[in-house]
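Trainee: I'm new to this one. Could you take me through a single part of it, the largest cavity, and tell me what volume the largest cavity has and which residues line the largest cavity?

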Amino acid sequence: MKHLQTVALITLGNLLCAFAINTFIIHNKFIIGGVTGTSIIFNHLLGLPISTIIYIVNAILFVLGLLFLGKRFALSTLLSSIMLPFFLGIFEQMSWQNELMLDSFLSCVLGGILTGIGNGLIIRQNASTGGYDTLALILKKAYKVPVHITVYVIDTCLILAMLTFSNLTNLVYGLITTFLLSYAMNKVLTSGNSQLQIFIISSHYEEIRRNLLYDLDVGVTLLHSQTGFHKKELEVLITIIPNIKLQSLKKIVKDIDPTAFISVAEVSEIGGRGYTLERKTVVASELID
């Protein structure tokens, strides 16, 4: 059942990407990097269908990944390498998409967000979207070239090549699309994991600790510290809570010590005992103390 769910989400992710790329990005001739940018260039030069070009590029990258990065990595890219151009080929044959064509700004917004959501769904299933990340990882393994450098160089070359038959306006829209893609993908990847990290500094830390543990039912960590001016010894309380508990926590702290210092920051990845692992049972003697 779990495997079917994984395949279904990878399929949905590729379907969203194909729809967004074909309807909002390719039809508007936005300048973007990656395999999609490569396919747009060869489509302009040779007139080949974009889905066919993506098949060819993905097949080459798959073989390189298999040879240099191993079977496990190659298999993680296999589904997307097949599905994305397959769905693109289907959407290329549909004319009803022309009715969805909006102005350029709305197209870049929808194209970026939907493609980002699709990529996020794929990566959340521990699968890879492949693309030039494969080549970047090979160069990192062989020559220690940082991945982001390789990706930036490839995308820059593609953008410069596309400027020869496009215009600056499409470049700007392409950059907006890429930014929104990254933003939406990160939101999908951190969805459900985002919580608040709270730092509390107070001389009444022991009373606050007990209230947080037993009234608010959250985990607490104590860090030994000194005040900066008087060098007074005290404990700093750290806790991770869901957003819904923030106001209750602030009320508890303020009722005990109105002068307490509270720092709130959002964190996107939490793991360990009490979060991704089951919290230990509270010892009865601790409650009686």
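Mentor: Sure: the largest cavity has a volume of about 50 Å³. A cavity here is a set of points, on a 1 Å grid over the protein atoms alone, where a 1.4 Å probe fits but cannot get out. Points are joined across faces, edges and corners, and the volume is the space filled by probe spheres set on the points. Keep in mind that this is a predicted model, where local features need pLDDT of at least 70 and side-chain atom pairs count only at pLDDT 80 or more, while totals for chains, interfaces and linings use all residues. Residues are numbered from 1 along each chain as its sequence is written, and side-chain values use heavy atoms, with hydrogens and water left out.

The structure holds one cavity of 30 Å³ or more. As for the lining, meaning residues with an atom within 4 Å of a point, look for N58, L61, F62, G65, F73, A74, T77, S81, G130, G131 and T134. Two elements, α3 and α4, give two or more residues to that lining; helices are DSSP runs (H or I, at least four residues), numbered from the N terminus. Sorted by class, the lining has four nonpolar, seven polar and no charged residues. In that sorting, Ala, Val, Leu, Ile, Met, Phe, Trp, Tyr, Cys and Pro count as nonpolar, Asp, Glu, Lys and Arg as charged, and the others, Gly among them, as polar.

Technical notes
1 Å grid on protein atoms, 1.4 Å probe; cavity = no way out; pocket = protein on both sides within 12 Å on 5 of 7 lines; lining within 4 Å.
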